[in-house]
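Student: I would like a close look at one part of this model: the enclosed space inside it, if there is any, and what surrounds it. Please take me through it step by step, as you would for someone who sets up calculations for a living.

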Amino acid sequence: MKRYLLGSICAAVALVSGGTIAQPSSTGSGQGFPAKPIEFVVPGNPGAGSDVFARLIADLIRKEKLVAQPIVIANKGGGGGAIAAIYAAQKRGDPYTIVSFPTGMMLTAPLRSGLDIGLDKFHPLALLGFDINCLMVNTASPFKSVRELVDAAKAQPKTINVSVGSTGSTSHMFVYTLERLTGARFNVVVMKSGSEAVTAVLGGHVHWSTGQLTDAMPHMAAGTMRLIGVASQQRLAPLADVPTMKEQGLDMHVATGRSFAAPAGIPKEAAAFLENVFEKVYKSAGWQDYMVRNLMEPVYMNGAEYGRYLVARQPEFTRFITDLGLSSKK
């Protein structure tokens, strides 16, 4: 089993204030858990990425017979994840309410909403893998490497156009991080969705775009799009010829972590049961096959590891949201 742990996590945990992770309650009974259906709360509408993920995991749990009770999907989209987070946070101590959180949303929702839905309101259960962001260009593009693209943007700031799916998204963070690391300045064109951002680069309306690998896959197969970098820690086996951003001198790991968290204060026994379920899901042939087919980075973190990861990344996401002027705290 491959686990992903940032080398700086321990130091970051010591430095970050106000980023504590909720611990399971030592009181309350987890015996006989679960005794009723478990609700998977999805911070998105039916068909959204987080919804597809939650339904897939619920189906795998049923197929593997890991939980004797039904899994019920509750879609609560809107507010950049705030609606789902509020709903779950208000159910403190309830192990029957589980949120299917993308990592970025878990860290940015409290910043953008100004609501009391920070990390201390949740008990992380597991991270099951990363949907990696990539840098994509039209196959007719003259840019063959990230360095060529960066050099062009530095030579003529704000003249190299990049499309992103929405403001403050993981794709937007990819551009923001690339600019911070290189000093380049791109002209960011915000579209209505990730698919529109991809269409823009395919049509030659922008020089490049960034999104998840699944956004690029059909167009790569059709020969209309080329990848010149992926923001994973290591090259992905199905894309062995595509270098990572790190290999090109840019230490970037930009991705949507697919994860689960419960409200703070759940019984220890219930937390242990749920973490064990998600670990078995990660090891299942169904999930392993899904990660390969969808070009995911195969990473597993248990609750404690995932909690440390979130605390370590919190300053980075806070700076991103603040610099973009999206924080509710003025």
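**The largest cavity and its surroundings**

Tutor: Happy to. Let's start with the wall: helix α11 gives the largest share of the lining of the largest cavity, three residues. Please keep in mind throughout that this is a predicted model.

The structure holds two cavities of 30 Å³ or more, and the largest has about 80 Å³ of space in it. Its lining is made up of Thr 103, Leu 107, Phe 130, Thr 170, Met 173, His 253, Val 254, Ala 255, Tyr 309, Arg 313 and Phe 317. Two or more of these residues come from each of α4 (103–113), α6 (170–182) and α11 (303–323). Sorted by class, the lining has seven nonpolar, three polar and one charged residues.

Now take the contributing helices in turn. Nine of the 11 residues of α4 are buried, so this helix is largely enclosed by the rest of the structure. The buried residues of α4 are Thr 103, Gly 104, Met 105, Met 106, Leu 107, Thr 108, Ala 109, Pro 110 and Leu 111; of these, Thr 103 and Leu 107 are in the cavity lining. The cover over the buried part of α4 includes α3 (82–89), β3, β4 (122–138), β9 (255–263) and α11. So α11 appears twice in this picture, because it is part of what covers α4 and it gives three residues to the cavity wall. Just after α4 comes Gly 114, with a positive phi near 75°.

On α6, Thr 170 is worth a pause. Thr 170 belongs to helix α6 and lines the largest cavity. Is Thr 170 buried or partly exposed? Its relative accessibility is 21%, and since buried means under 20%, Thr 170 counts as partly exposed. Setting aside neighbours within four places in sequence, Thr 170 touches Asn 133, Val 254, Ala 255 and Thr 256. Val 254 and Ala 255 are themselves part of the cavity lining. In space, the C-alpha of Thr 170 is 7.9 Å from that of Gly 211, a residue 41 positions away in sequence.

Thr 256, one of the contacts of Thr 170, leads to the open side of the story. Together with Gly 49, Met 105, Gln 212 and Arg 258, Thr 256 lies nearest the centre of the largest pocket. This pocket is lined by 44 residues and contains about 1100 Å³ of space. Its lining has 12 nonpolar, 27 polar and five charged residues. Met 105, which is among the residues nearest the pocket centre, is one of the buried residues of α4.

For contrast, look at the second largest cavity, whose volume is about 30 Å³. The residues around it are Ile 38, Phe 40, Ile 61, Val 67, Ile 71, Leu 274, Val 277 and Phe 278, and by class they are eight nonpolar, no polar and no charged. Here β1 (38–42) and α9 (268–283) each supply at least two residues, with α9 giving the largest share, three.

Ile 61 gives a handy view of this second site. It sits in helix α2 (residues 49–63) and is buried, at a relative accessible area of 2%. Beyond its sequence neighbours within four places, Ile 61 is in contact with Phe 40, Leu 66, Val 67, Ile 71, Val 277, Phe 278 and Val 281. Its C-alpha lies 9.6 Å from that of Ser 284, although 223 residues separate the two along the chain.

Finally, the setting. The protein chain has 11 helices and 10 strands. Its radius of gyration is 20 Å, close to the 20 Å that the globule rule gives for 330 residues, so the chain is as compact as a globular protein of that length. Of those 330 residues, 53% count as buried. Of the contacts with a separation of 6 or more, 81% are between residues 24 or more positions apart. The exposed surface comes to about 13900 Å², with carbon and sulfur atoms supplying 52% of it.

Definitions and conventions:
Residues numbered from 1 in each chain as written. Predicted model: local features only at pLDDT ≥ 70, side-chain atom pairs only at ≥ 80, totals over all residues. Heavy atoms only, no water. 1 Å grid on protein atoms, 1.4 Å probe; cavity = no way out; pocket = protein on both sides within 12 Å on 5 of 7 lines; lining within 4 Å. Points joined across faces, edges and corners; volume = space filled by probe spheres on them. Nonpolar A, V, L, I, M, F, W, Y, C, P; charged D, E, K, R; others polar. Helix = DSSP H or I, 4+ residues; strand = E, 2+ residues; numbered from the N terminus. Rg over C-alpha atoms; globule rule 2.2 N^0.38 Å. Buried < 20%, exposed > 50% of the residue type's maximum accessible area, 1.4 Å probe, protein only. Contact = heavy atoms within 4.5 Å. Areas by Shrake-Rupley, 256 points an atom, 1.4 Å probe, with all protein chains shown as cover.
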